[in-house]
Structure formats: C-alpha cells, structure tokens
Amino acid sequence: MNLKEITLNRLNMTLKNPFKTSFGVVQDKDFFIVEINDKNGLIGYGESVAFSSPWYTEETTETTLHIMRDFLIPLLKATPISHPNEVAQIFQIIRGNNMAKAAIETAVWDLYAKQLNIPLYELIGGKKTSIDAGISLGIESDTDELIKKIKKHIDNGFKRVKIKIKKNHDLEVIKQVRDAFPTLPLMVDANSAYTLTDSAHLKKFDDYNLLMIEQPLGHEDIFEHSILQKQLDTPLCLDESIYSLEDVILAHELGSCQVINLKLGRVGGLKEAIKIHDYCVEHSIDLWCGGMLEAGIGRAHNIALSTLPGFNLPGDTGASNHYWHKDIIIPEVTLKNGEIEVNKQSGIGYEINKNNLAEYTVDKTSYSLTN
Ligand code: OSB
Ligand code: MG
C-alpha cells in the first residue's frame with residue numbers, strides 16, 4: 001500500500017454536555033486522530049476511542065499511546081502490506097489493546113478506499129444509502145429533565161432512545177419514561193451495574209416493553225448473562241463483554257443475549273467487526289453499531305460500518321452537534337428525519353477540518369513507515 005508515515009494527533013475536546021453512566025461522568029475527551037500517509041500524498045484517518053480512565057474497558061488514552069507508539073507502529077513499519085485485512089493479522093501477536101489496534105487499522109482502511117477512489121462503505125459491501133440514528137442519554141438525577149430531553153430528540157426524529165441506568169436509579173425512571181412515551185422504542189444500558197443476585201429485580205423490567213437491556217452484568221461476563229437471559233423475556237444485549245467473534249459465538253451458543261452492540265474500537269477494527277457482522281447475519285442475531293462519544297472521524301467510520309445489511313437496529317451514532325460545538329470533519333454529520341445520509345466521497349466520506357483539528361490538537365508526533 002506504499003505507506004509512508006503515520007502521525008498521532010492528540011486532541012482535547014470537551015463534550016457539550018457531561019455524559020453520566022453507572023460508573024462516572026465523561027466530559028473531556030483526550031484521544032488520538034491517527035493519520036496515515038501514502039507515498040502519493042493520500043491520507044487515511046482513524047480515531048482512538050479509549051477514555052482517560054479505564055471505566056469502560058481496561059484501555060486508556062495513555063495505554064493507547066504506549067501500544068501504538070511502542071508496538072503497533074514498529075510492526076506496521078516492519079511489514080509491508082497490500083490490503084488492510086493484513087493489519088489485524090500483523091497486530092495479532094500483541095495481546096488485547098483492541099482500541100489501539102482499531103485506531104490504526106481503521107485509518108489503513110480509509111486510506112485503502114481512497115487509493116481505490118471509492119467510498120469505504122462500498123469497499124466493505126455496505127448497501128444502505130442512509131442509516132437510522134438512535135440516541136443514548138446519560139443518567140439524569142431529575143427524571144422530568146430526562147423526559148424533556150427525550151421529547152426533544154423524538155421531535156428531531158431519533159428512531160430509538162437508550163437511557164442509562166444504575167442500581168437504585170432504574171425502575172422508577174423506566175416507569176416514568178414509559179408512561180410519558182407509551183410506544184417509544186426504548187432500551188436501557190446498565191454498563192455492568194448489576195449482579196445475578198439482582199435477577200428478581202431485573203425481571204420487573206419485563207413489564208415495560210423494552211427493546212433490550214444492554215450489559216446488565218459483569219463487563220467481561222458471558223456465562224452469567226446466559227442464566228439471566230433464561231429468566232427474562234426482555235432481550236439482553238452485550239456490549240462490554242464482546243471483544244471478538246469468539247465472544248459472539250460463545251454468547252450465541254450459551255444463549256447469553258439476543259442482540260449485539262458492535263463497536264469498532266472494542267473488537268480491534270473493521271476486519272473483526274465485519275466477521276462479527278457476517279456471523280450475526282448467518283445466525284439471525286440482531287445487531288447495531290454502538291458509540292464511544294466519538295468526534296467526526298470515529299463517527300464517520302461508524303456510519304460506514306452501519307451501512308452493512310446486518311445492522312438491523314438503529315445505533316448510537318447521531319449528529320455531530322449533539323456532542324460538539326465544532327466537530328473536526330467537513331461536512332459535520334447531520335440528521336434528516338432521524339437518518340444520516342451516507343456520503344459517497346472516497347474513503348470515510350468526510351474531509352478533515354484542518355483548522356478545527358489544529359485548534360484541538362495538544363500534541364502531534366510523526367513516525368516514518370519506510371525503512
Ligand atoms: O455503554 O454504550 C456505552 C458512551 C461511552 C462509553 C460507553 C457507552 C456509551 C454510550 C453513548 O452509551 C454512545 C454514544 O453516544 O456515542
Ligand atoms: Mg453500552
């Protein structure tokens with residue numbers, strides 16, 4: 001692929017609104033935009049999605065830097081590639097650290113699509129011309145406030161609403177939201193807030209016609225979810241527990257969930273994501289694309305992935321301006337009637353906004369990929 005150089009742009013961006021989960025609050029994002037240049041001047045972009053602290057999975061911004069700089073970039077430099085599928089293979093000797101791997105791997109995919117002068121979504125076999133947008137809303141101490149926000153998002157056309165819950169902040173919230181919106185496609189995300197001893201309590205969620213309960217139990221658990229799923233009518237969805245196709249196979253075989261939330265960063269990039277997609281299609285497992293409060297580059301990759309036919313439920317990918325005062329891509333991602341139109345430009349379909357990128361960049365280091 002004639003790779004020439006890789007640049008790690010470290011960005012600090014502040015979300016418009018603090019995002020509260022069962023673990024804590026995110027407002028400041030410290031992350032990387034990975035830039036890979038080829039010898040003809042084309043540039044592929046990827047975004048790292050780990051947070052500053054390891055509350056979601058074990059990776060952090062600092063571990064991402066360590067793994068990319070000290071292991072992944074030297075591996076990429078040492079091994080010439082002719083197709084982005086080879087990147088995941090080269091990175092296989094490094095255990096875990098999927099978010100670091102995905103930041104680079106997805107940049108190579110974008111570059112490859114640009115070299116072929118075709119959209120990334122087309123390269124991976126995506127067919128949709130628009131994707132359905134859902135919204136994920138953080139925990140609000142005041143449920144009336146939450147209901148106001150939901151109303152606004154429904155008016156903007158969002159196709160489904162996900163609310164975060166935690167212990168002692170769940171049933172009453174669900175009940176009030178359901179009363180306010182009796183037919184809303186509604187789901188909840190617990191980010192691992194419960195244990196199996198809560199199963200009788202979680203059983204009560206069955207009364208509220210939820211689309212699914214996302215990740216109620218342990219962040220790496222698959223087995224106990226299979227026990228819980230047998231006790232509930234509401235479908236379970238796994239997020240944190242899914243790092244690979246093997247995890248999806250195990251979850252499916254055990255009956256741990258009926259739905260998968262797929263995130264590029266969590267599974268190490270596009271190659272693994274496509275394998276998981278194909279398995280879900282083959283086994284009729286519901287699938288949607290999750291989010292990590294991404295800036296524009298990560299958002300664009302999520303949109304490309306979501307064009308694959310197996311993504312049969314609205315994801316968490318919404319408009320840029322829901323998250324940011326100014327995003328780093330041109331155009332910004334916008335919604336029309338709750339849908340995001342898929343851009344047909346080559347690669348991820350969006351240009352980088354160089355001024356905004358520079359404004360958010362706190363550090364920038366380049367590494368040669370030629371010997
Ligand atoms: O659990 O899906 C999650 C955000 C950060 C980390 C984990 C999660 C989330 C979200 C919001 O739910 C996703 C988004 O809007 O990008
Ligand atoms: Mg989740």
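The sulfur of C280 lies 8.1 Å from the closest cysteine sulfur, that of C257, which is too far for a bond. C257 has its own closest cysteine sulfur in C237, at 6.9 Å, again too far for a bond. A disulfide would need the two sulfur atoms within 2.5 Å. This is a predicted model, and a search of the whole structure turns up zero disulfides. Both C280 and C257 are nonetheless buried: C280 has a relative accessible area of 1%, and C257 has 10%.

**Around L287**

C280 also appears among the contacts of L287. L287 sits in strand β11, residues 286–289. It is buried, with a relative accessible area of 0%. Setting aside neighbours within four places in sequence, L287 touches I260, L262, H277, C280, G310, F311, N312 and L313. G315 is 28 residues from L287 in sequence, and the two C-alpha atoms are 8.7 Å apart.

**Metal site**

Which residues coordinate the magnesium ion (ligand 2)? The donors are D189 (OD), E214 (OE) and D239 (OD), at 2.1 to 2.2 Å. Along the sequence they follow the spacing D-x24-E-x24-D. The site links distant parts of the chain: D189 belongs to strand β7 (residues 186–189), while D239 is in the loop between β9 and α9, 50 residues apart. D189 is buried at 0% relative accessibility. D239 is buried too, at 1%.

The table collects the accessibility values for the buried residues discussed so far.

| Residue | Relative accessibility |
|---|---|
| C257 | 10% |
| C280 | 1% |
| D189 | 0% |
| D239 | 1% |
| L287 | 0% |

**Helix α8**

Strand β9 and helix α9, which flank the loop of D239, also help to cover another element. The cover over the buried residues of α8 includes α7 (199–203), β9 (236–238) and α9 (245–254). Helix α8 spans residues 223–231, and its buried residues are H225, S226, L228 and Q229. Why do they share a side of α8? They cover an arc of only 165° around the axis, so they fall on the same side of the helix. The face turned away from that buried side carries F223 and K230, both exposed.

**The open sheet**

Four strands build an open sheet in the order β3-β2-β1-β15, with antiparallel pairing. The edges are β3 (43–47) and β15 (361–368), each of which pairs on one side only. From one strand to the next, the twist averages 20°. In general, strands of a sheet pair through backbone hydrogen bonds, either parallel or antiparallel.

How many bridges join β2 and β3? There are five, in the antiparallel sense, with β2 covering residues 25–38. In β3, G44 is the bridge partner of I36.

Two helices lie across parts of this sheet. Helix α3 (residues 98–116) crosses β1 (3–20), β2 and β3, and runs at about 150° to β3. Helix α12 (residues 296–306) lies across β2 and β3, at about 95° to β3.

Methods. Residues are numbered from 1 along each chain as its sequence is written. Chains are lettered from A and ligands numbered from 1 in the order in which they are written. This is a predicted model: local features need pLDDT of at least 70, side-chain atom pairs count only at pLDDT 80 or more; totals for chains, interfaces and linings use all residues. Side-chain values use heavy atoms; hydrogens and water are left out. Buried means under 20% relative accessible area, exposed over 50%, partly exposed in between (1.4 Å probe, protein chains only). Two strands pair if DSSP finds at least two bridges between them. Axes are lines fitted to C-alpha atoms, for helices over the stretch in contact, and angles run from 0 to 180 degrees between N-to-C directions. Contact means heavy atoms within 4.5 Å. The arc is that of the directions from the helix axis to the C-beta atoms. Donors are N, O and S atoms within 2.8 Å of the metal (3.2 Å for Na, K and Ca); water is not among the atoms, so sites may look incomplete.
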